[in-house]
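Here is a short report on one chain and its partner. Look at the structure first, then read on.

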Amino acid sequence: MTTHNLLFVLAAVFALWAVMAKKLLTSAIMLALVSVAVSLIFFDFSAPWAGVFELSVCAGLITVLFIGAVSLIRADEDKRPENRAFAYALPLAAAVFAIAAWFYLPPFFEELAAGRQMAAGGGTIGTALWGLRRPDLLGQVLMLAAGVFVIKSVFPRRTENK
Amino acid sequence: MSNFAMEWYLIAIIVFTGFYCMLASRSIVRQLIGLEIVSKGAMLAVISAGALTGNLVFAQALVLTMIVIEVVVVAAGLALLVKNFRVHGSADIWKLDGLKG
C-alpha cells in the first residue's frame, strides 16, 4: 500500500474516531486530524493551494469554532449524556459497508475513470481563480457577508429596557 | 484495481461514516461533525477527479470555494446551536420543536 492510500485510510480512521468519541471535545480534535490528513492528501496530489486552505481554515478555524461551541454547551453534555449505542454499532456498520462496497463500487469507479475526458490543463491557480472563475469569488464574498449577517442576527446587541 | 478506484472506495467509506453520524446521532454538534466529514469526502473526490483528468487547477479553485462555504455553514450552525442552548437549555435535535403547532 502506498503512502497515498495510507493517508486516505488515516483520514477514514480519524473520521470513525471522531464519530465514536465519547466527549464532544475529542470529536472536534479528531475532526481537526481528519482535516490534517486531508490536507496532506492534497499536498500529495500536488494541489498545494487547496492543502494550505484546508490546513489553515478547516484544521484551524473550524476547530476553534467547534471547541468554542462545545465549551459553551458543556453543561448539557455532562447533565444529559447521549445514548452511545449508535457509536458502538458504527464499526460493524462501516465494516459491512466496506465489504459490500468492495464488490460493487470499484468496478463502477473503473468505468467512470475509463470514460474520462482529459482537460487542456495548464495555467496557474491565479488565472483560474481571478480570471476564469471570478463569479465564484463574488459568491464567496456574498456567502461570508451572509454568515456575518446570520451571526449578527442570532446574537443581537442587548439593549436596556427603559 | 486502479489508483483512482481505490481512492474513491476509501472516500466512499469516509462519506458513509459522515452520513451515519448525521443519521444516528441526536446531538447537533455531532450532526455538524458528520456534515464536515461528508464535505471532506466531497473535497477529496473533487481533487481526485481533477488529478485524473489533469485539471487540478480548476479543481483547486472549486475546493477553495467549497472551503469558504463550509466555514460559513458551520459558523451559522454553531451560532444557532448556542442560541438554542441558551433559550431552551438543550442541544438535542428532537427538542427543536419550539415552533410546533
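Chain B has a radius of gyration of 17 Å, whereas a compact globule of 101 residues would have one near 13 Å. The model is predicted. Along the principal axes, the C-alpha atoms of chain B fill a box of roughly 50 × 25 × 20 Å.

**Fold of chain B**

The chain holds three helices and zero strands. Its pattern along the sequence is α-α-α. Of its 101 residues, 48% count as buried. Contacts in chain B with a separation of 6 or more were also sorted by sequence distance: 46% of them join residues 24 or more positions apart.

**Contact with chain A**

How many residues of chain B are in contact with chain A? The number is 61, and they meet 69 residues of chain A. Three elements of chain B give two or more residues each to the side that touches chain A. The table lists them with their residue ranges.

| Element of chain B | Residues |
|---|---|
| α1 | 3-24 |
| α2 | 28-52 |
| α3 | 56-88 |

Which element gives the most to this side? It is α3(B), with 24 residues. By residue class, the side of chain B that touches chain A divides into 44 nonpolar, eleven polar and six charged residues.

**In brief**

Chain B is built on the pattern α-α-α. Its radius of gyration is 17 Å, against near 13 Å for a compact globule of 101 residues. Helices α1, α2 and α3 of chain B each give two or more residues to the side that touches chain A, and α3(B) gives the most.

Terms used. Residues numbered from 1 in each chain as written. Chains lettered and ligands numbered in written order. Predicted model: local features only at pLDDT ≥ 70, side-chain atom pairs only at ≥ 80, totals over all residues. Helix = DSSP H or I, 4+ residues; strand = E, 2+ residues; numbered from the N terminus. Rg over C-alpha atoms; globule rule 2.2 N^0.38 Å. Buried ≥ 20, exposed ≤ 12 C-beta atoms within 10 Å, placed from the backbone. Contact = placed C-beta atoms within 7 Å. Nonpolar A, V, L, I, M, F, W, Y, C, P; charged D, E, K, R; others polar.
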